[in-house]
Amino acid sequence: MATIGDFDPLTSTVPATKIEITVSCRNLLHMDTFSKSDPVVVLYLQGLGTKEWREFGRTEVIDNTLNPDFVRKFVLDFFFEEKQNLRFDV
């Protein structure tokens, strides 16, 4: 698979760009016993032509909140005209 660093708009046939994804959650379930939840988000990408999910990255853990606004951003290549499956696990 090509990366954005290999993309030359004059010679390439795969238009691509970088995107930045910011994650926040609202009204998460209260899952801890003695305090509010300590959420973290894990982003998975699905390989092209396969059903295998690969971990791309994680946010930081935010203690004792049900409405986290994560600081960590995910920066990834976006290829136009291609289906790219993402999965966010909280």
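The dialogue below asks how the descriptive terms used for this predicted model are justified.

Student: What should I know about the model before we begin?

Tutor: This is a predicted model, in which local features need pLDDT of at least 70 and side-chain atom pairs count only at pLDDT 80 or more, while totals for chains, interfaces and linings use all residues. Residues are numbered from 1 along each chain as its sequence is written, and side-chain values use heavy atoms, with hydrogens and water left out.

Student: How do you know which helices and strands the protein chain has?

Tutor: Helices (H or I, at least four residues) and strands (E, at least two) are taken as DSSP runs and numbered from the N terminus. By that rule the protein chain has 0 helices and 5 strands, and the pattern along the sequence reads β-β-β-β-β.

Student: Why is T59 called buried or exposed?

Tutor: Buried means under 20% relative accessible area, exposed means over 50%, and partly exposed lies in between, with a 1.4 Å probe and protein chains only. T59 has a relative accessible area of 7%, so T59 is called buried. Of the 90 residues of the protein chain, 26% count as buried.

Student: What does T59 touch, and what makes its link to V41 a polar contact?

Tutor: T59 is in the loop between β3 and β4. Contact means heavy atoms within 4.5 Å, and, leaving out residues up to four places away in sequence, T59 touches V40, V41, F70, R72 and F74. A polar contact is a pair of N or O atoms within 3.5 Å; within protein, one must be able to donate a hydrogen and the other to accept it, and residues adjacent in sequence count only if both atoms are side-chain atoms. The side chain of T59 reaches the backbone nitrogen of V41 at 2.9 Å, so the distance falls within the 3.5 Å limit.

Student: Why is T65 called buried, and which residues does T65 meet?

Tutor: T65 has a relative accessible area of 16%, and therefore counts as buried. T65 is found in the loop between β3 (53–58) and β4 (74–79), where a polar atom of its side chain lies 3.1 Å from the backbone nitrogen of N67. Leaving aside neighbours within four places in sequence, T65 is in contact with K36, S37 and P39.

Student: How do you know that P39 and T65 come together from separate parts of the sequence?

Tutor: P39 and T65 are 26 residues apart in sequence, and their C-alpha atoms are 7.4 Å apart in space. P39 lies in the loop between β1 (16–21) and β2 (42–46), and at 6% relative accessibility P39 is buried. Among the residues that P39 touches are L28, T65, F70 and V90.

Student: What makes a group of residues the largest nonpolar core?

Tutor: A nonpolar core is a set of buried Ala, Val, Leu, Ile, Met, Phe, Trp, Tyr and Cys residues joined through side-chain atoms within 4.5 Å. The largest one here has 8 residues: I21, V23, C25, V41, L43, F70, F74 and L76. In soluble globular proteins, nonpolar side chains tend to be buried together.

Student: Why is the pair of F78 and F80 called edge-to-face?

Tutor: The whole structure holds 1 aromatic pair. In that pair, F78 and F80 have ring centres 5.0 Å apart and planes at 85 degrees. Rings of Phe, Tyr and Trp (its six-membered ring) pair if their centres lie within 6.5 Å, and planes under 30 degrees apart count as stacked, over 60 as edge-to-face and the rest as tilted, so 85 degrees gives edge-to-face. F78, at 29% relative accessibility, is partly exposed, and F80, at 38%, is partly exposed too.

Student: How do you know that R87 sits over the ring of W53?

Tutor: A charge sits over a ring if NZ of Lys or CZ of Arg is within 6 Å of the ring centre and within 35 degrees of the ring normal. The charged end of R87 is 5.2 Å from the centre of the W53 ring, and R87 also lies over the face of Y44, at 4.2 Å from the ring centre. W53 lies in strand β3, and its contacts include Y44 and R87.
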